[in-house]
Amino acid sequence: PYIASIVSGLSQRNGLTGLLQTYLGYQAGELVRSGLFHRGDGTSIDAVIWFSDLRGFTDFADNHTAEETLACLNSAFDIIGTSIYSLGGDILKFIGDAVLAVFPIGDGMSAEAAAQAALKAAVDTQRAVKKWNAEHQESMNLGIALHRGAVHFGNVGSSSRLDFTITGAPVNEASRIESLCKVLGEGILISDIVAELVDGQKFRNLGAHTLRGVKNPRTLYSL
């Protein structure tokens, strides 16, 4: 009986930890479990920010059943998640068919290593998407933006409904950069801040671009 009570407590704690990590992401789940669950709780982190979005998904949904649409969406998220988590990143949220993720800098991860990991994850994702399209005779199209900046990582929301995510200007810039993937005809766009961290990689300079709502133009690169 004594052992059973201990095992039961451990089981409940592990179950809660797994649930939080599943819905919030690994790092966010750990922070919430440790007590950061009030509005405004959080910390400032430096990270390489990933923002991706499925292109043409509205048309896909219009021409497929709800079950087929959901299956495609889950496949896309599986591909993205596998690439990100295998290289030390963490998915923070799914926004419709978009994904917001981070490769945190610190705790043994240098800025250069985080940038390299994020770039490799982006390349791996696009290769996996191409393979999935060939196997399923579909035309899934994904835009990925990589940016870097200091952001607030914590709780934001109303008094009765919170979300644990990152907020700040770099997040908005990452979203704006991704929106240019379609305009520029690129599957991966890298900001100048990330590109300068990656040694030995040849990039194509796409010039300076004005991001919607952002004062200063940002130089972007592609592979």
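These exercises work through a predicted model of one protein chain.

**Exercise 1. The chain as a whole**

Which secondary structure elements does the chain hold, and how much of the chain is buried?

Solution.
- Step 1: Take the elements. The chain comes to 7 helices and 8 strands.
- Step 2: Take burial. Of the 223 residues, 42% are buried.
- Step 3: Turn to the surface. The accessible surface is about 12,000 Å². Carbon and sulfur atoms hold 53% of that surface.
- Step 4: Look at contact range. Among contacts with a separation of 6 or more, 65% join residues 24 or more positions apart.

**Exercise 2. The F57 and F60 rings**

Describe the geometry of the F57 and F60 pair, then place both residues in the chain.

Solution.
- Step 1: Count the pairs. The structure holds 3 aromatic pairs. One of them is F57 with F60.
- Step 2: Read the geometry. The centres lie 5.8 Å apart, and the planes differ by 10°.
- Step 3: Classify. Planes under 30 degrees apart count as stacked, so the F57 and F60 pair is stacked.
- Step 4: Locate the residues. Both lie in helix 3 (residues 57–62), 3 residues apart, about one turn of the helix.
- Step 5: Recall the helix rule. With 3.6 residues a turn, residues three or four places apart point the same way.
- Step 6: Check burial. The cut-off is under 20% relative accessible area. F57 is buried at 13%, and F60 is buried at 14%.

**Exercise 3. The nonpolar cores**

Which residues touch the most other members of the largest nonpolar core, and which element gives the largest share?

Solution.
- Step 1: Find the hubs. The largest core has 38 residues, and W50, F103 and L146 touch the most other members.
- Step 2: List contributors. Elements giving two or more residues include strand 1 (42–55), helix 3, helix 4 (66–86) and strand 4 (141–157).
- Step 3: Name the main contributor. Helix 5 supplies 11 residues, the largest share.
- Step 4: Look beyond this core. Another core of 14 residues lies apart from it, with F153, F164, I166 and V171 among its members.

**Exercise 4. Helix 6 and the cysteines**

How far does helix 6 reach, and what follows it?

Solution.
- Step 1: Take the span. Helix 6 (residues 169–184) has 16 residues and reaches 22 Å, close to the 22 Å expected.
- Step 2: Look past its end. G185 follows, with a positive phi near 70°.
- Step 3: List its buried residues. Among them are V171, I177, L180 and C181.
- Step 4: Follow the cysteine. C181 has a relative accessible area of 3%. C72 is also buried, at 4%.
- Step 5: Check for disulfides. The whole structure has 0.

Conventions: Residues numbered from 1 in each chain as written. Predicted model: local features only at pLDDT ≥ 70, side-chain atom pairs only at ≥ 80, totals over all residues. Heavy atoms only, no water. Helix = DSSP H or I, 4+ residues; strand = E, 2+ residues; numbered from the N terminus. Expected span 1.5 Å × (residues − 1). Buried < 20%, exposed > 50% of the residue type's maximum accessible area, 1.4 Å probe, protein only. Contact = heavy atoms within 4.5 Å. Areas by Shrake-Rupley, 256 points an atom, 1.4 Å probe, with all protein chains shown as cover. Disulfide = S-S within 2.5 Å. Phe/Tyr/Trp six-rings, centres within 6.5 Å; stacked < 30°, edge-to-face > 60°. Core = buried A, V, L, I, M, F, W, Y, C linked by side-chain atoms within 4.5 Å.
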